[in-house]
Amino acid sequence: MTLFAFVADDFTGATDALWQFRRYGLTGSLVTDARRLHDRADVIGLATTARAADDPVPIALPALRAVAALCPLAVQYKICSTFDSAPERGSIGAVIAALHRAGLADGPVPVLAAQPEFGRYTWYANHFVRSGDDVLRLDRYPPARDHPVTPAREADLRIRLAEQGAGPVGRLPAGATRDRYLALRGHAAFVADATTDDHVHALGRLLLADALTTLPEGAPSASGARGTGRSAFAASSAGSSPVASAGSSTLSEALPGGSAPGGSAFAASAHPAGASTGSEALSGGAPSGAGRRVLWCVGSGGMSQALASAAAWWRSGTAAPAEPAWSEPGPERGPADPEPQPAGPERGPAGPGPALTGPGLAPTGPGLAPTGPGLAPADAGLVPAGPELGPAGPVLVVSGSRSPVTARQIATAAEAGWAVVDASEGMAAIAAAEVSLRAGRHTIVQTTLGPERDPDGIGDLLGRVAAASVAAGLTRRLVVAGGDTSGQVVTALGAHALDVVASLAVGGPVCVLAADDPAFDGLEVALKGGQVGGDDFFLRAAAGSARRLH
């Protein structure tokens, strides 16, 4: 059965989300058309172009309904870790409001933009980005502040969501208790703080505990089925224990001996025999999910990591998971090195809050970090690394990104002898790419450098360059830089599904494309956001410096 489902607002985010689930040992699939959704894997994702739409709701809401019909434990609306959105473009708040209007979300929607392993942190609902040796507030981070379509003018994500029409938005502190979580009822959404992977893992366990509660008796689920239990927020507001109520499921059920690792505070003391839950799936069974309530959540790859790590922790049955078997390759540095400079004070509606502090951006003060039995890092479930992809050539890169990170990556590749072609030359660019690739030379066709172009035409042009080169048999490894660009290029290649097989960097997985046309089927594709990867990202792609999933 399907444990988790996600709808991504762009294609690069979709592959990042799938990678997070797959690296924790879950089976998964990513499709580009809702008609190809299936329940044959633990995780199913649907990639869309909602982020590029003036109004994302007509794209996102039908997609979210479609994946919810598979009755997963949780559905994630996958967004960018720099919260790329605006009231007039790819509005995240509008999608949250639509979930409530449609009667799908029956409680506050959790929002986690943080992804600490990628240098994205949220503290007092203010979002921060690692930039070199500094950690900058989102509205002071040049690529986000100066974004040509969705510039970040505000770092407090509560304010951003409210401006986008989400409704009342609260905040969940890092390492919060279940009582603090339940106290957020009455809000349309809440922003979750996280500055470490431990915070992400703890949130995942909190959400998984909630996802395993069932629907109030007789209430319709997103699929139209009738439930037999109660949601955590509904039970709490009724004055009863949300986990121990008759018909609700517990963390203890999925584990040998009937107890959660470390004696989780979220486990119930009793559970009636015969009640329908989703816990059997996490321990290897396959119950029907028709009676379960779907937990709706919004977030970056950090949210995907939260859910995946919680499932792996649950399945492991260990109180103190081991250290990671494999961390992401690449030059990105984790939040613990070097110690960041303090960030500015909060400017949100809750008043001044403490700055980010080091080492490792861990919050200070009692009760703010997840502690206690069973809350050790949940990386025991990470699958071991396989062999490297190995070199391939020539490699074609098509880039519509305007990020200075991508510009540095192009410069590094050019210094290494790669051909760099200006895509604004149109048909001449296609011809130049063909000549270069036939000569066995790694080639970049880009609109990253030089004057800004019409964004609506960039993806179409780069899609034609990629399709022509692949159809002619000139390359079998393609890199696409730019979130909006990726969707248009993958569409031009006729892809109906993608599977992640390796990762070049956090947020930069390598996928194998599935298409009806044999010229495109089996193509290796790395989709990367503009800010993803170190300066040597393209060189790593050509060398195949990425470890395969086992």
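Two strands are said to pair if DSSP finds at least two bridges between them. With that definition in hand, the reader may begin at strand β19 of this predicted model. Strand β18, residues 508-515, is joined to β19 by 3 bridges, and the two run antiparallel. Within this pairing, Val512 stands opposite Glu524 in β19. Strand β16, residues 477-481, also pairs with β19, here in the parallel sense and over 5 bridges. Leu478 has Val525 of β19 as its bridge partner.

The surroundings of β19 can be read from the accessibility of its residues. The strand covers residues 524-528, and 5 of the 5 are buried, so β19 is largely enclosed by the rest of the structure. In a regular strand, side chains alternate between the two faces of the sheet. In β19, Glu524, Ala526 and Lys528 point one way, while Val525 and Leu527 point the other way. Residues on both sides are buried, the charged Glu524 and Lys528 included.

From β16 the path leads back to the loop that precedes this strand. Thr475 lies in the loop between α13 and β16. Its relative accessibility is 2%, and Thr475 therefore counts as buried, the limit being under 20%. The side chain of Thr475 reaches the backbone oxygen of Arg477 at 3.0 Å. A polar atom of the same Thr475 side chain lies 2.8 Å from the backbone oxygen of Pro394. Pro394 belongs to the loop between β12 (385-388) and β13 (396-399). The peptide bond from Gly393 to Pro394 is cis, with omega near -10°.

Helix α13 also holds Ala467. At 15% relative accessibility, Ala467 counts as buried. Ala467 and Ile430 are 37 residues apart along the chain, and their C-alpha atoms are separated by 10.0 Å.

Helix α13, residues 455-471, leads on to the largest pocket, since α13 is among the helices that each supply at least two residues of its lining; the others are α1 (11-23), α4 (142-145) and α14 (483-492). The largest pocket contains about 920 Å³ of space. Of the 46 residues lining this pocket, Arg51, His147, Gly482, Gly483 and Asp484 are the closest to its centre. By character, the lining divides into 12 nonpolar, 20 polar and 14 charged residues.

Two other helices illustrate regular geometry combined with burial. Helix α10 comprises residues 301-316, 16 in number, and reaches 22 Å from its first C-alpha to its last, close to the 22 Å expected at 1.5 Å a residue. Of its 16 residues, 14 are buried, so α10 is largely enclosed by the rest of the structure. Ser300 caps the N-terminal end of α10, with a side-chain oxygen 3.0 Å from the backbone nitrogen of Gly302. Helix α7, residues 197-211, has 15 residues and should span 21 Å at 1.5 Å a residue; its end C-alpha atoms are 21 Å apart, which agrees. This helix is mostly covered, as 13 of its 15 residues are buried.

Helix α11, residues 404-415, contains Arg408. With a relative accessible area of 42%, Arg408 is partly exposed, a class that lies between the 20% and 50% limits. Arg408 and Asp535 are 127 residues apart in sequence, but their C-alpha atoms are 5.7 Å apart in space. Their side chains make a polar contact at 3.2 Å.

Two residues remain to be considered for their backbone angles. Cys71 is not a glycine, yet its phi is positive, at about 60°. Cys71 is found in the loop between α2 (57-68) and β4 (74-78). A relative accessibility of 11% means that Cys71 counts as buried. Ala125 likewise has a positive phi, near 70°, in a residue other than glycine. The place of Ala125 is the loop between β6 (120-123) and β7 (126-131). Ala125 counts as buried, its relative accessibility being 0%.

How values were computed: Residues numbered from 1 in each chain as written. Predicted model: local features only at pLDDT ≥ 70, side-chain atom pairs only at ≥ 80, totals over all residues. Heavy atoms only, no water. 1 Å grid on protein atoms, 1.4 Å probe; cavity = no way out; pocket = protein on both sides within 12 Å on 5 of 7 lines; lining within 4 Å. Points joined across faces, edges and corners; volume = space filled by probe spheres on them. Helix = DSSP H or I, 4+ residues; strand = E, 2+ residues; numbered from the N terminus. Expected span 1.5 Å × (residues − 1). Buried < 20%, exposed > 50% of the residue type's maximum accessible area, 1.4 Å probe, protein only. Polar contact = N/O pair within 3.5 Å; in protein donor to acceptor, adjacent residues only side chain to side chain.
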